[in-house]
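Subject: The structure, and some notes to go with it

Hi there,

Here is the structure I promised to hand over, with my notes underneath. Have a look at it first, and then read on.

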Amino acid sequence: MYEIIKLDTEITNRCNAACPQCPRTGTNKGVSDVINASGIYDVPPSIIENIFKSKYGSTIKKVSYCGNYGDPIMHPEAMKIFKIAESNGVNHQHIDTNASVRPVSWWSELGRIKGMSVTFSIDGLEDTNHIYRVKTKWKRIMENAQAFIDAGGHAIWTFIVFAHNQHQVEEAKKISEEMGFKQFNWKASTRKFRAESPNSPGVNEYRNKDKDKIKVADIGFPTDPKFQSSLVKNGLIETTVKCMAETTKQLFLTSDRRILPCCHVQPTMWERKFLPEKHKKEPEFANFVEDQGLATELDDYTFDEIVESYAEVFPYFKHAWDKRMLATCNRKCGSNFKNAVQPI
């Protein structure tokens, strides 16, 4: 049958930042077309509770909280959700966050949750982090990280390397060691990659939240080869599709209460749902879901019914991966596009 041991989630599409290459950021008073159309979504804690109480959800031992559009700690009841998972036998929880909100007391409480780890996405030092992590506050991030670490939390620093911060990687690593981070990683962004001009990411416009002024992102790939992704150095290389969701035995919960295989397919599904007349973002996956009659909506089906639907459709997924029929799967799990996090 279809065994699930990990639940990946985007529990909210709220975010305090305005990163210029993020799919959330755009020219509609600071947000992209799809977020402007969708509005705000937060997963109710009761949904999380019901998943863990279900037949297939009872086997889940790992939960991760990430975000295509949101930062998990922006959920108004984030701590309640983390404690629901803990009380239902989840032995490992992991958060990816910019960490620029919440008081230090909240971070201390988070650090005391058993099995909790946090990736602090900090892309530079005080003079550079805000260039990409727009609207975040360096000193506040450092205070929050220290409070989490001092409370016993397992902290990881992940540094996205760009042209403007590549000279600070070693210094950031030293700071992480002094603070008590358990690990320091780096990765190179592949967003806005253009095959015809691989060393220059495509520009994207966004509206500055403070000044309501259209700006153009000036974010460049690192020039130092050791910090460049394979995609930038070698161009696109196609490989056999190895589905991340299948490998990790996971499903992904979106903020609008839909169960999908992974976070990578959420953007195309959201365009189909919220901007159907403009949907152009790799529509093959959304077409596949509709053609196969795959159950995904927790508003219409129980978690167990959705898992059983995935089990029924799974052979068709395998065929589609083997034939490279799904553009998103080909790009993310069938090429060198997805950039691996590198320890340093």
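Let me start with a question: leaving aside its neighbours within four places in sequence, which residues is Met 74 in contact with? Please keep in mind throughout that this is a predicted model.

With those neighbours set aside, Met 74 touches Thr 12, Arg 14, Cys 15 and Asn 16, and also Val 101 and Arg 102. Met 74 itself sits in the loop that runs between strand 3 (62-65) and helix 3 (78-87). Its relative accessible area is 24%, and since the partly exposed class begins where the buried one ends, at 20%, Met 74 is partly exposed. From Met 74 to Tyr 41 the C-alpha distance is 11 Å, with the two positions 33 residues apart in sequence.

Another residue of that loop is Gly 67. Gly 67 is partly exposed too, at 37% relative accessible area. Its C-alpha atom is 27 Å from that of Lys 226, and the two are 159 residues apart along the chain.

Now the overall picture.

The chain holds 13 helices and twelve strands. Its radius of gyration is 20 Å, close to the 20 Å expected from the globule rule for 344 residues, so the chain is as compact as a globular protein of that length. Along the principal axes, the C-alpha atoms fill a box of roughly 50 × 50 × 40 Å. Of the 344 residues, 56% are buried. If you take the contacts between residues at least 6 apart in sequence, 72% of them join residues at least 24 apart.

For the surface, the accessible area comes to about 15300 Å², and carbon and sulfur atoms account for 48% of it. As for charge, there are 47 positive and 43 negative side chains, and the centres of these two sets lie 3 Å apart.

The aromatic residues gave me plenty to look at.

In the whole structure, the search turns up 22 aromatic pairs. One of them joins Tyr 41 and Trp 270, with 6.1 Å from centre to centre and 65 degrees between the planes, which makes the pair edge-to-face. Tyr 41 belongs to the loop between helix 1 (33-38) and helix 2 (45-53), while Trp 270 is in helix 10 (residues 266-274), so this pair ties together parts that lie 229 residues apart in sequence. Trp 270 has a relative accessibility of 1% and therefore counts as buried.

How many of the nine residues of helix 10 are buried? The count is eight, so to speak of helix 10 as mostly covered is fair. The buried ones are Gln 266, Pro 267, Thr 268, Met 269, Trp 270, Glu 271, Arg 272 and Phe 274. Their cover includes helix 1, strand 10 (250-253), strand 11 (259-260), helix 11 (284-292) and helix 13.

Ring pairs also link a cluster made up of Tyr 65, Phe 82, Trp 106, Trp 107, Phe 120, Trp 138, Phe 148, Trp 157, Phe 159, Phe 181 and Phe 184. One member, Trp 138, has its C-alpha atom 8.6 Å from that of Asp 127, eleven residues away along the chain. Asp 127 lies in the loop between strand 5 (116-121) and helix 5 (129-132), and at a relative accessible area of 49% it is partly exposed.

Phe 159 is also a contact of Asn 165, as are Asp 123, Gly 124, Thr 128 and Ile 160, once neighbours within four places in sequence are left aside. You will find Asn 165 in the loop between strand 6 (154-161) and helix 7 (169-179). Is Asn 165 buried or exposed? Its relative accessibility is 0%, so it counts as buried.

Finally, a couple of backbone angles to check.

Ala 99 has a positive phi, near 65 degrees, although it is not a glycine. Ala 99 falls in the loop between strand 4 (92-97) and helix 4 (104-111), and it is buried, with a relative accessible area of 0%. Arg 324 has a positive phi as well, near 55 degrees. Arg 324 is placed in the loop between helix 12 (303-322) and helix 13 (327-333), and its 27% relative accessibility makes it partly exposed.

Happy to talk it through whenever suits you.

Best wishes

Technical notes
Residues numbered from 1 in each chain as written. Predicted model: local features only at pLDDT ≥ 70, side-chain atom pairs only at ≥ 80, totals over all residues. Heavy atoms only, no water. Helix = DSSP H or I, 4+ residues; strand = E, 2+ residues; numbered from the N terminus. Rg over C-alpha atoms; globule rule 2.2 N^0.38 Å. Buried < 20%, exposed > 50% of the residue type's maximum accessible area, 1.4 Å probe, protein only. Contact = heavy atoms within 4.5 Å. Areas by Shrake-Rupley, 256 points an atom, 1.4 Å probe, with all protein chains shown as cover. Lys, Arg positive; Asp, Glu negative; His and termini not counted. Charge placed at Lys NZ, Arg CZ, Asp CG, Glu CD. Phe/Tyr/Trp six-rings, centres within 6.5 Å; stacked < 30°, edge-to-face > 60°.
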